[in-house]
Amino acid sequence: MSTDSSVLAGVGPRLRALRQRRDLTLTALSVTTGISVSTLSRLESGGRKPTLELLLPIARAHGVPLDELVGAPPVGDPRVRAAPVQMHGMTMWPLSTQPGGLQAYKLLIPAGSVRGEPDQKTHEGYDWLYVLSGRLRLVLAEHDLVLGRGEAAEFDTRTPHWFGSADDQPVELLTLFSKQGERMHLRARPKGSG
């Protein structure tokens with residue numbers, strides 16, 4: 001028996017067990033779903049192939065997700081367990097695991113770390129920064145900005161840029177980086193505005 005066939009074969013018994021747990025008759029379920037008693041009976045016995053048109057109203061009537069009716073396999077562990085990386089005086093935790101496209105990182109610039117005077121670099125891509133704690137200094141071409149907790153900035157990384165701690169305290173931030181140049185549509189505010 002193929003995987004699809006075994007999944008479909010298990011739908012009927014699950015439908016019957018769910019209905020019986022809720023102490024519903026086929027007639028009561030028919031009234032709620034608008035599906036005939038004979039069709040419901042044949043679904044439960046395996047005499048009728050389950051379809052979305054039949055399963056959706058049954059799932060709604062029972063207040064359960066469709067996955068529960070068809071016995072969908074459990075979703076794998078979604079946690080990202082990448083090891084932190086030390087780079088340019090910062091600790092970087094990769095938060096995404098898919099190669100290419102948008103990449104997410106948590107960055108920590110430790111207290112007292114000296115990244116030197118701003119040495120602006122350029123490269124392909126687009127960057128979005130969000131400050132979790134501390135104060136981040138972002139030098140972007142001729143702009144010298146300080147972002148506090150809860151502030152965000154986005155920029156094309158072909159613009160000369162540098163960032164580090166604005167003072168002697170650690171800075172934690174999230175960054176989304178894209179080589180394809182997706183935009184997050186948030187703007188940095190110059191120091192003193194806002």
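How many of the 5 residues of β2 are buried? The answer is 4, so keep this mostly covered strand in mind as you go through the views below; the model behind them is a predicted one.**View 1. The whole chain, helices then strands.** To get your bearings, start with the overall layout of this predicted model. The protein chain has 5 helices and 9 strands. Following the elements from the N terminus on, you meet α-α-α-α-α and then β-β-β-β-β-β-β-β-β. Of the 194 residues in the chain, 32% are buried.

**View 2. Strand β2 and its two partners.** β2 pairs with β1 (residues 85-87) in the antiparallel sense, over 3 bridges. Look for Q86, which stands opposite T91 in β2. The two strands form a hairpin with 2 residues between them, and here H88 takes a positive phi near 55°. β2 is also joined to β3 by 4 bridges, and this pair runs antiparallel too. One of the partnerships to find here is W93 with K106, its bridge partner in β3. K106 also lies over the face of W93, at 5.5 Å from the ring centre.

**View 3. The largest nonpolar core.** Zoom in on a set of 16 residues. Those that touch the most other members are I109, L129, L136, L138, L147, F163 and L173. Which elements give two or more residues to this core? They are β2 (90-94), β3 (102-109), β4 (126-133), β5 (136-140), β6 (143-147), β7 (152-156) and β9 (171-178). The biggest giver is β5, with 3 residues. Apart from this core lies another one, of 14 residues, and V11, L55, I58 and L69 are among them. As a bit of background, nonpolar side chains in soluble globular proteins tend to be buried together.

**View 4. The hairpin of β5 and β6.** These two strands pair in the antiparallel sense over 5 bridges. L138 has L145 as its bridge partner in β6, and L138 is also one of the core residues that touch the most other members. Between the strands sit 2 residues, and A141 in the turn has a positive phi of about 55°.

**View 5. Two rings, W128 and Y130.** This is the place to see the aromatic pair, and the count comes to 1. How far apart are the ring centres of W128 and Y130? They lie 6.1 Å apart, and the planes are at 15°, so the pair is stacked. W128 is buried, with a relative accessible area of 13%, whereas Y130 is partly exposed at 28%.

**View 6. A buried glutamate in β7.** E154 lies in strand β7. Is E154 buried or exposed? E154 is buried, with a relative accessible area of 5%. Its side chain is joined to the side chain of Y126 by a polar contact of 3.5 Å.

**View 7. Helix α2 and its two sides.** In α2 (residues 26-33), the residues L26, L29, S30 and T33 are buried. They cover an arc of only 105° around the axis, which puts them on the same side of the helix. Turn to the other side of α2 and you find V31 and T32, which are exposed. Just after the helix, G34 takes a positive phi of about 80°.

**View 8. Helix α3, one face buried.** Which residues of α3 (residues 37-45) are buried? They are T39, L40, L43 and E44. Seen down the axis, the buried residues of α3 fall within an arc of 135°, so they line one face of the helix. Right behind the helix comes G46, with a positive phi near 90°.

**View 9. G12 in helix α1 and its distance to S41.** Finish with G12, which has its place in α1 (residues 3-21). G12 is buried, with a relative accessible area of 5%. How many residues apart in sequence are G12 and S41? The answer is 29, and in space the two are 8.9 Å apart, C-alpha to C-alpha.

How values were computed: Residues numbered from 1 in each chain as written. Predicted model: local features only at pLDDT ≥ 70, side-chain atom pairs only at ≥ 80, totals over all residues. Heavy atoms only, no water. Core = buried A, V, L, I, M, F, W, Y, C linked by side-chain atoms within 4.5 Å. Buried < 20%, exposed > 50% of the residue type's maximum accessible area, 1.4 Å probe, protein only. Phe/Tyr/Trp six-rings, centres within 6.5 Å; stacked < 30°, edge-to-face > 60°. Lys NZ or Arg CZ within 6 Å of the ring centre and 35° of its normal. Arc of directions from axis to C-beta. Polar contact = N/O pair within 3.5 Å; in protein donor to acceptor, adjacent residues only side chain to side chain. Pairing = 2+ DSSP bridges.
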